[in-house]
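This report introduces a protein model to a reader who has not seen it before. Please view the sequence and the structure below, and then read the sections in order.

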Amino acid sequence: EIHAADINARVQSEIDEITRQMIDVEAQLFAAQNANNEVTMLQEELAMLQSERRAKRGSLVFLPIKKS
C-alpha cells in the first residue's frame, strides 16, 4: 500500500510536469500564431501601400527626373 502510494505520487508528479510543459508549448504556439497573423497583416498593408503609390505615380503630370 505504501509502495503504491509512492508510485502514484511519482506518476502524478510526472503528469504535473508534462502538463506544465504542455501549457508552456501552447503559450508559445499562441504567440507564434499571433506573430504570423501580424506578419500577414503587415504584408497585406505593404502591398496595399505599394499599389496606392503606383497609382499615384500614374497620376503625376510630370514624371520626376531621375538623378544620375
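Is V11 buried, partly exposed or exposed? In this predicted model, V11 has a relative accessible area of 33% and is therefore partly exposed, as the class of partly exposed residues lies between the limits of 20% and 50%.

## Overall form

The protein contains one helix and zero strands. Helix 1 covers residues 2-58. Along the principal axes, the C-alpha atoms fill a box of roughly 90 × 25 × 5 Å. The radius of gyration is 29 Å, whereas a compact globule of 68 residues would have a value near 11 Å.

Two pairs of residues illustrate distances along the model. N8 and S51 are 43 residues apart along the chain, and their C-alpha atoms are separated by 64 Å. For N8 and E52, which are 44 residues apart, the corresponding separation is 65 Å. N8 lies in helix 1, and S51 also has its place in helix 1. With a relative accessibility of 53%, N8 counts as exposed, because the limit for that class is over 50%. S51, at 38%, counts as partly exposed.

## Surface and burial

What share of the 68 residues of the protein counts as buried? The share is 0%; a residue would need a relative accessible area under 20% to be placed in that class. The protein exposes about 6,800 Å², and carbon and sulfur atoms supply 60% of this area.

One nonpolar patch on the surface is made by I7, V11 and I15, and its area is about 200 Å². Of these residues, V11 has its place in helix 1.

## Salt bridges

How many salt bridges does the count give? The count comes to two. Side chains of opposite charge can pair when their charged atoms come close.

One of the salt bridges joins E14 to R10, with the closest N and O atoms 3.3 Å apart. Both E14 and R10 belong to helix 1, where they stand four residues apart, about one turn of the helix. E14 has a relative accessible area of 40% and is partly exposed. R10, at 46% relative accessibility, likewise counts as partly exposed.

In another salt bridge, the side chains of E17 and R20 meet at 3.1 Å, N to O. E17 and R20 are three residues apart in helix 1, so about one helical turn separates them. The relative accessibility of E17 is 35%, and E17 therefore counts as partly exposed.

## Distribution of charge

The protein carries 8 positive and 11 negative charges, and the mean positions of the two groups are 30 Å apart. On the surface, a patch of positive charge is formed where R53, R54, R57 and K66 gather.

Where in the protein does R54 lie? R54 is found in helix 1. Its relative accessible area is 57%, and R54 is therefore exposed.

## Summary

The predicted model has one helix and zero strands, and 0% of its residues count as buried. Its surface includes a nonpolar patch of I7, V11 and I15 and a positive patch of R53, R54, R57 and K66. The count of salt bridges comes to two, one between E14 and R10 and another between E17 and R20.

Definitions and conventions:
Residues numbered from 1 in each chain as written. Predicted model: local features only at pLDDT ≥ 70, side-chain atom pairs only at ≥ 80, totals over all residues. Heavy atoms only, no water. Patch = residues over 30% accessible without salt bridge, like charges linked within 9 Å, V, L, I, M, F, W, Y side chains within 5 Å. Areas by Shrake-Rupley, 256 points an atom, 1.4 Å probe, with all protein chains shown as cover. Salt bridge = Lys/Arg side-chain N within 4 Å of Asp/Glu carboxyl O. Lys, Arg positive; Asp, Glu negative; His and termini not counted. Charge placed at Lys NZ, Arg CZ, Asp CG, Glu CD. Helix = DSSP H or I, 4+ residues; strand = E, 2+ residues; numbered from the N terminus. Buried < 20%, exposed > 50% of the residue type's maximum accessible area, 1.4 Å probe, protein only. Rg over C-alpha atoms; globule rule 2.2 N^0.38 Å.
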